[in-house]
Amino acid sequence: MEVLRDKNIFLTGGTAGIGKATTLFLAEKGYKVFIVGRNSEKLEQLMEEARTAGVEDRIKFLLQDLADYEAWEKILPNLWDVHGPFHILINNAGIGFAGISDADAESLVYMTKTNLDAYLLLAGFFAKKMKEEDIEGDIINIGSMSADDRGGSSTGYVATKAGIQGFTESLRKEVNPDNIRVSLIEPAAVGTDMQKISAEEQAEKEENREMLKAEDLAKLIHFILEQDRRITFPEIKIKALRQFI
């Protein structure tokens, strides 16, 4: 089996939730992970856990807002040259958003830039570089089952996740001929700090199999990456056994 161990991963939203769990798990499995996040306190917590696990040297980071596109146009080529080449892009960063009736324009645009536009920007850059350097890479987009559930209490969030769903399928058709795999993972509720319930309630739901753990997504991502290049997973939905969505 061909594997991608000891290859470079670029992961957004890496300081908390799914991103944090994935960073630590993949580093422990031998991957080198470059993460992007916004919160310095959460970053320090992550690196402390990495030091405890003995994988600190496999994790590099950048504190940068994904919505700042002018900065990213300058940053990305340098990141590729210094920390690349990258074999795997994991688009994971996202922020919650409720209904749009009372939303102000600035918050709405910031959310769409973070949750959707950044996916397009990064996927476009990394796909181009992978093709130029003949890298048979992976692009994994983290979406949400809310793209299909379409609850009325999270209109803005649903819009971006539905956009990711359509974009990923189209991107797959664009770059698969260049031997770049594209996968969409759509989880139901995951126990992260995006949830509006307490950590204790999350733990109870996880124990009762009503909510996923962030580590469940990390293991799924690892499974995808470890498969033979002949195999691709265009779309995977994952939910807790007793979450009835």
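The radius of gyration is taken here over C-alpha atoms, and the globule rule is 2.2 Å times the number of residues to the power 0.38. Under that rule a compact globule of 245 residues would have a radius of gyration near 18 Å, and the protein, at 17 Å, therefore agrees with the expectation. The model is a predicted one. Its secondary structure comprises 8 helices and 9 strands.

**Overall dimensions and packing**

- The C-alpha trace spans about 45 × 40 × 35 Å along the principal axes of the protein.
- Of the 245 residues, 49% count as buried.
- Among contacts with a separation of 6 or more, 73% are between residues 24 or more positions apart.

**Surface and charge**

- The exposed area of the protein is about 12,000 Å², and carbon and sulfur atoms supply 49% of this area.
- The protein carries 30 positive and 41 negative charges, and the mean positions of these two sets are 4 Å apart.

**Thr168 in helix H6**

- Thr168 is placed in helix H6, which covers residues 155-175.
- The relative accessible area of Thr168 is 1%; because buried means under 20%, Thr168 counts as buried.
- The side chain of Thr168 forms a polar contact of 2.9 Å with the side chain of Asn141.
- A polar atom of the Thr168 side chain also lies 2.7 Å from the backbone oxygen of Ile164.
- When residues up to four places away in sequence are set aside, Thr168 touches Asn141, Val182, Ser183 and Leu184.

**Glu235 in strand S9**

- Glu235 belongs to strand S9, residues 235-238.
- Glu235 counts as partly exposed because its relative accessibility is 41%, a value between the 20% and 50% cut-offs for buried and exposed.
- A polar contact of 3.1 Å links the side chain of Glu235 to the side chain of Lys237.
- With residues up to four places away in sequence not counted, Glu235 touches Gln165, Leu184 and Glu186.
- Glu235 and Gln165 are 70 residues apart along the chain, and their C-alpha atoms are separated by 8.7 Å.
- Leu184 appears in the contact lists of both residues: Glu235 touches Leu184, and Thr168 touches Leu184.

**His83 and the segment that follows helix H3**

- His83 lies in helix H3, which covers residues 69-83.
- With a relative accessibility of 30%, His83 counts as partly exposed.
- The contacts of His83, not counting residues up to four places away in sequence, are with Asn8, Phe34 and Lys60.
- The C-alpha atoms of His83 and Val158 are separated by 34 Å, the two residues being 75 positions apart along the chain.
- The peptide bond from Gly84 to Pro85 is cis, and its omega is near 0 degrees.
- Pro85 is located in the loop between H3 and strand S4, the latter covering residues 88-91.

**Positive phi values in loops**

- Asp134 has a phi near 55 degrees, which is a positive value in a residue other than glycine.
- Asp134 sits in the loop between helix H4 (105-132) and strand S5 (138-142).
- The relative accessible area of Asp134 is 68%, so Asp134 is exposed, given that the exposed class begins over 50%.
- Arg209, likewise a residue other than glycine, has a positive phi near 65 degrees.
- Arg209 is found in the loop between helix H7 (199-207) and strand S8 (212-213).
- At 53% relative accessible area, Arg209 is exposed.

**Phe25 in helix H1**

- Phe25 is part of helix H1, residues 17-28.
- Leaving aside residues up to four places away in sequence, Phe25 touches Ala218, Lys219 and His222.
- The C-alpha atoms of Phe25 and Ala50 are 9.8 Å from each other, with the two residues 25 positions apart along the chain.

How values were computed
Residues numbered from 1 in each chain as written. Predicted model: local features only at pLDDT ≥ 70, side-chain atom pairs only at ≥ 80, totals over all residues. Heavy atoms only, no water. Helix = DSSP H or I, 4+ residues; strand = E, 2+ residues; numbered from the N terminus. Buried < 20%, exposed > 50% of the residue type's maximum accessible area, 1.4 Å probe, protein only. Contact = heavy atoms within 4.5 Å. Areas by Shrake-Rupley, 256 points an atom, 1.4 Å probe, with all protein chains shown as cover. Lys, Arg positive; Asp, Glu negative; His and termini not counted. Charge placed at Lys NZ, Arg CZ, Asp CG, Glu CD. Polar contact = N/O pair within 3.5 Å; in protein donor to acceptor, adjacent residues only side chain to side chain.
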